[in-house]
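Please load the model in a viewer and keep the sequence panel open. The tour goes from one selection to the next and says what is there.

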Amino acid sequence: MNLSLENLEKQFQDRIDAGDNIEPKDWMPEKYRKTHIRQISQHAHSEIVGMLPEGNWITRAPSLRRKVALLAKVQDEAGHGLYLYSAAETLGISRDELFNQLHTGKAKYSSIFNYPAVTWADMGAIGWLVDGAAIINQVMLTRTSYGPYARAMVRICKEESFHQRQGFEIMLTLSKGTAEQKEMAQDALDRWWWPSLMMFGPTDAASTHTEQSMKWKIKRKTNDELRQQFIDITAPQAEFLGLKIPDPALQWNEERGHYDFGEINWDEFWQVVKGYGPCNKERINARVKAWDEGAWVREAALAYAEKKDSIQKAI
């Protein structure tokens, strides 16, 4: 018996409400599929583009230990991108199309990666703040309703936790060092604090996707809830480091049980999202250049796979 679209959607929502995972071969509304392609690909693009500001510091890290740790982190991020592209492919979109959307500007990535990393302390601030914000977002996604995405997030979150601790340790070392080193750490915090808060997206009132994403359990908490959680966790950490968060309005509110904080510059947020941030063009140009110059590697890998397959078939 053919079920009507309305009945299919009701059964689908009943499964979501019951806490079931949706798998690639399950029926799903087209909007659910497209929403996940948008979100997973944006996440994958963020991991790949996020390698760029950090990769630039591998050879300039202040010790062999720091070089090895940063190299390992960048390698992790490449792996995260691959997990996520694989998850997106289960929704019926090709890897080539995903990259084409990134390179042509059709697909977005996290606006945070359009800011420059100008000192070694930025590697600490990115690990502590940017990866810290990512963890707040991503732990929730280990329980998202789409199975391949949820499972990919389990390993990603474990590795992101290491990245966050690595960044905090860099900031701790600098803040306990010379006056110049502590000043460098404070400068990095000053520049990365507000962009880190923007990572959670627009306010709930301005978000066009939050309500439906909550209904489908793609998200478990709203943008504003996640942003507040991040601030509540991070403010005491800054105090422990002896650094000052660049927000005069930041203070503990006993009645609310949360930190109050100042107004985010949403004009800046939307400017960066629309492609007018400090490094938007630089980041995309670097990705397109890498894609073009790596064509021979992809072709060689494909030729090798085809040759290996033909040998297997001949046996």
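**Starting point: A152**

Select A152: with a relative accessible area of 13%, A152 is buried, where buried means under 20% relative accessible area, exposed over 50% and partly exposed in between, with a 1.4 Å probe and protein chains only. A152 is part of helix α7. Helices (H or I, at least four residues) and strands (E, at least two) are DSSP runs, numbered from the N terminus. Add L197, and the C-alpha to C-alpha distance from A152 is 24 Å, with the two positions 45 residues apart in sequence.

Two notes on the model belong here. This is a predicted model, in which local features need pLDDT of at least 70 and side-chain atom pairs count only at pLDDT 80 or more, while totals for chains, interfaces and linings use all residues. Residues are numbered from 1 along each chain as its sequence is written, and side-chain values use heavy atoms, with hydrogens and water left out.

**Helix α7 and its partners**

Now show α7 (residues 147–175) together with α4 (64–89). Their axes come within 10 Å and cross at roughly 160°; axes are lines fitted to C-alpha atoms, for helices over the stretch in contact, and angles run from 0 to 180 degrees between N-to-C directions. That makes α4 roughly antiparallel to α7, because angles over 145 degrees count as roughly antiparallel, those under 35 as roughly parallel, 65 to 115 as roughly perpendicular and the rest as oblique. The contact of α4 with α7 has 11 nonpolar, 4 polar and 9 charged residues. In these classes, Ala, Val, Leu, Ile, Met, Phe, Trp, Tyr, Cys and Pro count as nonpolar, Asp, Glu, Lys and Arg as charged, and the others, Gly among them, as polar.

Next, switch from α4 to helix α8 (residues 179–198). The axes of α7 and α8 come within 7 Å and cross at roughly 140°, which means that α7 is oblique to α8. To see where they meet, select M171, L174 and S175 in α7 and Q181, K182 and A185 in α8; contact means heavy atoms within 4.5 Å. By class, the residues of this contact are 3 nonpolar, 2 polar and 1 charged.

Then bring in α10 (223–241). Helices α7 and α10 pack at an angle of about 30°, with their axes 10 Å apart. On the α7 side the contact is made by Q164, F168, M171, L172 and S175, and on the α10 side by Q237, F240 and L241. This contact of α7 with α10 has 5 nonpolar, 3 polar and no charged residues.

**Into the core**

Which residues touch the most other members of the largest nonpolar core? Select Y32, W192, W193 and F230, which do so among its 78 residues. A nonpolar core is a set of buried Ala, Val, Leu, Ile, Met, Phe, Trp, Tyr and Cys residues joined through side-chain atoms within 4.5 Å. Helix α6 (residues 121–141) gives the most to this core, with 12 residues.

Centre on F230. Apart from its neighbours within four places in sequence, F230 is in contact with L129, G132, A133, I136, W193, S196, L197 and F200. Step from there to S196, which lies in helix α8 and counts as buried at 0% relative accessibility. Not counting residues up to four places away in sequence, S196 touches I112, L129, V130, A133 and F230.

Back in helix α6, pick D131. Is D131 buried or exposed? At 6% relative accessibility, D131 counts as buried. Beyond four places away in sequence, D131 touches K73, E77, I126, E160, H163 and Q164.

**Helix α5**

Select helix α5 (residues 95–103), whose buried residues are L98, F99, Q101, L102 and H103. Their cover includes α2 (30–49), α4 (64–89) and α12 (280–293). After α5 comes G105, with a positive phi near 85°.

**Two loop residues**

Go to K217, in the loop between α9 (210–215) and α10. Most residues other than glycine have a negative phi, but phi of K217 is positive, near 60°. K217 counts as partly exposed at 22% relative accessibility.

End at A249, in the loop between α10 and β1 (251–253). A249 counts as partly exposed at 36% relative accessibility. Leaving aside neighbours within four places in sequence, A249 is in contact with D260, F261 and G262.
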